[in-house]
Amino acid sequence: MKIDRLFGLTYPIIQGGMANIATAQLAAAVSEAGGLGIIGSGGMNAETLRENIRKCRTLTDKPFGVNLMLMHPQIDELEKVVREEQVSFVTTGAGMPGKYMAGWKAAGITVMPVTSSVMMAKRLQDAGADLIIAEGCESGGHVGEMTTMALIPQMTDALDIPVVAAGGIACGRQMAAAFALGAAGVQMGTVFLTAEECPIHENYKKAVLKARDNDTVVTGRIAGTPVRILKNAMSREYVRKEKQGAGVEELEMYTLGALRRAVFKGDTKTGSLMAGQVCGQLTTVRSAAQIMADIEKEYRETVKKMAAAEEE
Ligand SMILES: Cc1cc2nc3c(=O)[nH]c(=O)nc-3n(C[C@H](O)[C@H](O)[C@H](O)COP(=O)(O)O)c2cc1C
């Protein structure tokens, strides 16, 4: 069953948690329009997360979720806030949420870990995950090795719980492809960077809209911290140093605080403008509601066209 029916949504769409970006404003806009909005707690502390959850409730009475990055230094405080505030959905990144699982289940939270490994997904299923968000390396931000196209069928074949596809999805044809691969829904991040309600600096938004197909690069492959960002002066310098064999500490000088520089200051030269490969297909700012309506419309047309082509 698709996640729109499972969770009572209008669209089978989850807005990916994005640290420093997916605040109450964006999550509420997505949920209010019929998707599942997610507050990204990556750049927050317990107090700001609580404020965002409460603000989200003033903006929408629809369900929304929180993304918890498990390597966050204050993860214990953040996950406690999620339970205290009775958030309905949690997505997790960067590790095994095992020790929190029982508490989340007892609180009635739907747990949806993000991973790009089938082995990890199976362990998460055994640990009690309700659904897996399988993310391919086309995506913006931290990435694995597998593409969405190769990953999703292997995930759906291996698991008994629903799989949501993430990475490289920003239009109805891509959503149709995800369903053809066996997904029960899609999670999108990059397309929501271009949403009216997305509170990033306008320089960052403009850079995403201007970017073409080949304008992203993965930094940190050698250091073991691969992140997909838009090419700029920082990424070029980073990759040059990386190829010269620079150590993790030297490389971190480029990335430390770099996402915040992009999001809050609009620094497109030394900032880390995380974005996925779909950036080349995004050219206009739309409301979150319009983005999802456009995707749904194109998805329906695509399915019809495919069925008609079969009968020709
Ligand atoms: C700017 C940016 C920041 C992100 N930050 C996070 C994060 O904090 N936690 C997380 O689990 N995923 C994060 N992601 C991944 C998204 O939640 C989502 O899975 C991904 O963007 C989907 O692929 P797409 O970019 O091709 O749409 C981020 C993605 C982007 C583009």
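**Exercise 1. State how far apart the centres of domain 1 and domain 2 lie, and describe the contact between the two domains.**

Solution. In this predicted model, the centres of domain 1 and domain 2, taken over C-alpha atoms, are separated by 24 Å. To place that value on the chain, take the domain assignment, which gives domain 1 as 3-196 and domain 2 as 212-274. Next, count who takes part in the contact: domain 1 contributes 9 residues and domain 2 contributes 8 residues. Finally, sort the side of domain 1 that touches domain 2 by class, which yields 3 nonpolar and 6 polar residues, with no charged residues.

**Exercise 2. Work out how strand 7, strand 11 and strand 10 are arranged in their sheet, and which of the strands are at the edges.**

Solution. Begin with the order, which is 7-11-10 in an open sheet of 3 strands with antiparallel pairing. The edge strands are strand 7 (141-142) and strand 10 (216-219), each of which pairs on one side only. Then examine the pairing of strand 10 with strand 11 (residues 227-230), where the two run antiparallel and are joined by 4 bridges; within strand 11, leucine 230 is the bridge partner of threonine 216. As a last step, add helix 11 (residues 233-243), which lies across strand 10 and strand 11 and runs at about 40° to strand 10.

**Exercise 3. Decide whether helix 2 is mostly covered or mostly open, and identify what its buried residues pack against.**

Solution. The count comes first: helix 2 (residues 24-32) has 9 residues, of which 7 are buried, and the helix is therefore mostly covered, given that a residue is buried if 20 or more other C-beta atoms lie within 10 Å of its own. By name, the buried residues are Ala24, Leu26, Ala27, Ala28, Ala29, Val30 and Ser31. Their packing partners are strand 1 (13-15), strand 2 (37-40), helix 3 (46-59), strand 3, helix 9 and helix 14 (288-311). Following the chain onward, one finds that helix 2 is followed by glycine 34, whose phi is positive, near 110°.

**Exercise 4. Describe the shell around the ligand by its closest residues, by the elements that supply it and by residue class.**

Solution. The ligand is surrounded by 29 residues, and the closest are Gly16, Ser139, Gly140, Gly189 and Gly276. Turning to the elements, strand 3 (64-69), strand 9 (185-188) and helix 9 (190-193) each supply at least two residues of this shell. Strand 3 and helix 9 also appear among the packing partners of the buried residues of helix 2. Sorted by class, the shell holds 12 nonpolar, 15 polar and 2 charged residues.

Methods:
Residues numbered from 1 in each chain as written. Predicted model: local features only at pLDDT ≥ 70, side-chain atom pairs only at ≥ 80, totals over all residues. Domains from an automatic or database assignment. Contact = placed C-beta atoms within 7 Å. Nonpolar A, V, L, I, M, F, W, Y, C, P; charged D, E, K, R; others polar. Near = placed C-beta within 6 Å. Pairing = 2+ DSSP bridges. Axes fitted to C-alpha atoms, helices over the stretch in contact; angles between N-to-C directions. Buried ≥ 20, exposed ≤ 12 C-beta atoms within 10 Å, placed from the backbone.
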